[in-house]
Amino acid sequence: FGLTDDQAGRAASASTLTPGTLVKHVTATQRSWLDSVLAAPELPVDDRTQEQQYADWQTQFTWLPGDTVADVLAAFDAVSGEVLDAIRDADLDTAVPVPPAPWNPRDIEAWSVRWVWFHLIEELARHAGHADIVRESLDGATMYPLVAAREGFPATPWLTPWSPEDA
């Protein structure tokens, strides 16, 4: 909330993570897990070459010249809506094959849709924590003042909503 396109692409620490690339990454993460659930009990079809898959993965962590806060948030909202639809519709006990990746276990063949949704919650929560740290490092903004500003809460003796002038 309240960042310019330039700020959304600025790394504020030794990490290369930016607020904008974190949103791009969790959007792609949701899309990947959603595709796995929708294809279950099969693996989703991915016709991209390994080179294209790697390039697309790198794009998640790169704030490109044409990237805007509005566009990445719209993409996030769109895939989040699709995930919510799938949460309502998917059978929680359906087997979702474990995708071949070096970080995935090799001793199980499938997770349940239920496991996937809980894992997606964990992924989003972890990356939200990263975004909190990056945002605070970027301009000093913290959660409560940001929420107060986003929701239009009035200033109180114990909480002043964030404003761009505070940065």
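Here a biologist and a modeller chat about a predicted model and the words used to describe it.

Biologist: Why is helix 2 called roughly antiparallel to helix 5?

Modeller: The two helices pack at an angle of about 175°. Angles over 145 degrees count as roughly antiparallel, so that name fits. Their axes are 9 Å apart. The residues of this contact split into 15 nonpolar, six polar and one charged.

Biologist: What makes R88 and D85 a salt bridge?

Modeller: Their closest N and O atoms are 2.4 Å apart, and the cut-off is within 4 Å, so the pair counts. Both residues lie in helix 4, three residues apart, which is about one turn of the helix.

Biologist: How do you know whether R88 is buried or exposed?

Modeller: R88 has 60% relative accessibility. Exposed means over 50%, so R88 counts as exposed. Its partner D85 has 39%, and that falls between the 20% and 50% limits, so D85 is partly exposed.

Biologist: Why do you say that R114 and D93 tie parts of the chain together?

Modeller: They form a salt bridge, with the closest N and O atoms 2.8 Å apart. R114 lies in helix 5 and D93 in the loop between helix 4 and strand 1, so the pair links parts that are 21 residues apart in sequence.

Biologist: And what makes F153 partly exposed?

Modeller: Its relative accessible area is 42%. That is neither under 20% nor over 50%, so "partly exposed" is the right label. F153 also belongs to a nonpolar surface patch with M143, Y144 and V147, and together they have about 410 Å² of accessible area.

Conventions:
Residues numbered from 1 in each chain as written. Predicted model: local features only at pLDDT ≥ 70, side-chain atom pairs only at ≥ 80, totals over all residues. Heavy atoms only, no water. Axes fitted to C-alpha atoms, helices over the stretch in contact; angles between N-to-C directions. Helix = DSSP H or I, 4+ residues; strand = E, 2+ residues; numbered from the N terminus. Nonpolar A, V, L, I, M, F, W, Y, C, P; charged D, E, K, R; others polar. Patch = residues over 30% accessible without salt bridge, like charges linked within 9 Å, V, L, I, M, F, W, Y side chains within 5 Å. Areas by Shrake-Rupley, 256 points an atom, 1.4 Å probe, with all protein chains shown as cover. Salt bridge = Lys/Arg side-chain N within 4 Å of Asp/Glu carboxyl O. Buried < 20%, exposed > 50% of the residue type's maximum accessible area, 1.4 Å probe, protein only.
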